[in-house]
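Hi there,

Here is the structure I promised to pass on to you. Have a look at it first, and my notes follow below.

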Amino acid sequence: MKWLFFVSLLLTIRVVYAQLEEKSAVKAQKDLDWYNCSFEADHVYGAAINKAYQFLKNKKGKSKPIVALIGGGIDWEHEALKNNIWTNPKEKPDGKDNDRNGYVDDLHGWNFLGAADGQVMEKLMVEGDREFLRLKDKYGSYFFDGKNYFKYVNGKRVSLDPPADMDEYKYYQHIVMPSSRLCSEYGSLLFANVLREYVQIFDKQMRDRNPGKKSFTVEDIVACVDKNSPRDSLRDIALYLMAWSMNEKRGDDKAWEGTYNYYFGDKAEKRMKESYERVLKENGTDLRKEIVGDNYMDINDRIYGNNILLTLNSEVNTMVAGIIAGRRGIEGRNSPIAENAQIMNLVVSAESGEPYLKDMALAIRYAVDHQVDIILLGEQNTVYPREQKQWMIEAIRYAESKGVLVVVPTWDLSFDVSQLVFYPNRWMDGGKDLTNLLVVASSDKAGNPSIASNYGIQGIDLFAPGVEIFAPNVGDTYKSASGPCLAAATVAGIAALIKTYYPQLTGNQIRDVLLKTVSSRKGVEVQKNCRINGRMSEDLFLFEQLCQSGGIVNAYQALVEAEKIAKKNKK
């Protein structure tokens, strides 16, 4: 009978081992797909998607919502995505414009950075550099000393009238300049004139005050400025730079002589000119004219691009798409949010630089014209040229009029968005809100904001899981990554899930539902990075100080609320 005992023992061991293996697998899956979990069931601050599917268990989906990704390329043949890629029902792969929209063979989306011969822009300029080059001849030579405007001609001051368009001038000074390395280098080159002027003034003043003295100190140069004299901002900057330079050489009896030669000699201007020309060569063009061939300042020049969607920067959008749509519960993969959603891809971003607003505005209109339900944009920007900003406003308004939700991630830059404005935002159209626009920041398993996320109740709507998210990667691979774009994908996926079962809800209604049903973190104190007077610091915040809703997106609660609205609308 001993053999019965051993068989029984062996079976018991196998059962226990299987149970442990199952628990291990559950734990591993929870670690990979924690954004599906909920605090009540799993003690992590996911988006309660598993709980949402329990709520939907006996319900039948009524639509297959389309989500447009407006950003980089995508591996649309990935094993986890290929069954959920949108196909243009009016287009055929025959080299003809079957749906007569101007875009040939736009089967699964469109690449606004492409050329008809198959080329694709793989590098873009940043918007600040584009704006600097556009406005350089108009404002680049302006100086203001606190009282008068002037420029330098052959090293001498020439008076200028105040700029005719003062709003544009301030935009150039306060928005473009800090955002453009090209502008910074060009400003340094022109500022060599200021330094040359003041180094001679300070030199004469110090020698007049100290006859016969051969070496000068920091104290000597500071004494040149009468605190009661009229304000001269350029003089003050020059004084600071020269005093700093002398302080670096403190104890050197030739400290002033070295500073004088550094700022006054011909080598100074040559050095700055070489630096500007090097940066101009690196960042001053992205070959748009040569490759795409359109006029990026003309919104009506819209027929350009190609249908190549797999580009060198396809990693992020492949992950984003894999979070939003696809079949759930396949071992070894992530579990996407909306099984029946379709992904449309519209390329406006490259490996480097920032999207052209014209491309983004046209992509939004393309998506809306092809009946999308949700649009997911790339991260916000601080530089929105006035005319191009209007293009974006009108495009988002068009989406709003068709019931389309627009989701946009904020940046992980630690800015208070009430102090530095990022676009697009709900208030960019002046007095009337964009009711279909939702701005998302990133949170982690513990329900804390990403340490570097932007924040502010006036600009951030809610937080969503975006730290260490496991999702498809290019080439039928998978990986974990972090970023606000992944948090925004979580929100877009939940919106698509809502739209699957409650297709009658409009974009602004879904936005309101998502804000109303967050997992509240109000009253919770969190620590995060912030910028104070331009310097990075850390501080404590109450969660409700970080975003309008004071919480983290919750799919289950959102679906419960969506059903209430749907039932109410039936009555």
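Which residue takes a positive phi just after helix 12? G326 does, with a phi of about 135°. Please keep in mind as you read on that this is a predicted model.

Helix 12 itself spans residues 315-324, and eight of its ten residues are buried, so to speak of it as mostly covered is fair by the definition of under 20% relative accessible area. The buried ones are N317, T318, M319, V320, A321, G322, I323 and I324. They pack against several elements, among them strand 1 (66-71), strand 6 (342-347) and helix 15 (484-501). Strand 11 (469-473) and strand 12 (477-481) are also on the list of packing partners, which brings me to that pair.

Strand 11 is largely enclosed by the rest of the structure, because five of its five residues are buried. It pairs with strand 12 in the antiparallel sense, over five bridges. Within this pairing, P472 stands opposite Y478 of strand 12. The hairpin has three residues between the two strands, and G475 takes a positive phi there, near 75°.

Now to the charged side chains. The count of salt bridges comes to 26, and a few of them may interest you.

One joins D145 and R157, with the closest N and O atoms 3.5 Å apart. D145 sits in the loop between strand 3 (143-144) and strand 4 (149-153), while R157 belongs to strand 5 (residues 156-160), so this salt bridge ties together parts that are twelve residues apart in sequence. D145 counts as buried because its relative accessibility is 9%, whereas R157 is partly exposed at 33% relative accessible area.

R157 also meets E197 in a salt bridge, at 3.0 Å from N to O. This pair links distant parts of the chain: E197 is in helix 6 (residues 181-209) and R157 in strand 5, 40 residues apart. E197 is partly exposed, with a relative accessible area of 22%.

Helix 6 takes part in another salt bridge through R196, whose side chain meets that of E269 at 3.1 Å, N to O. Since E269 lies in helix 10 (residues 266-283), the pair ties together parts that are 73 residues apart in sequence. E269 is partly exposed at 36% relative accessible area, and R196 counts as buried at 16%. Elsewhere, K138, D165, E168 and R386 are joined into one network by salt bridges that share partners.

Happy to talk it through whenever suits you.

Best wishes

Notes
Residues are numbered from 1 along each chain as its sequence is written. This is a predicted model: local features need pLDDT of at least 70, side-chain atom pairs count only at pLDDT 80 or more; totals for chains, interfaces and linings use all residues. Side-chain values use heavy atoms; hydrogens and water are left out. Buried means under 20% relative accessible area, exposed over 50%, partly exposed in between (1.4 Å probe, protein chains only). Helices (H or I, at least four residues) and strands (E, at least two) are DSSP runs, numbered from the N terminus. Contact means heavy atoms within 4.5 Å. Two strands pair if DSSP finds at least two bridges between them. A salt bridge is a side-chain nitrogen of Lys or Arg within 4 Å of a carboxyl oxygen of Asp or Glu.
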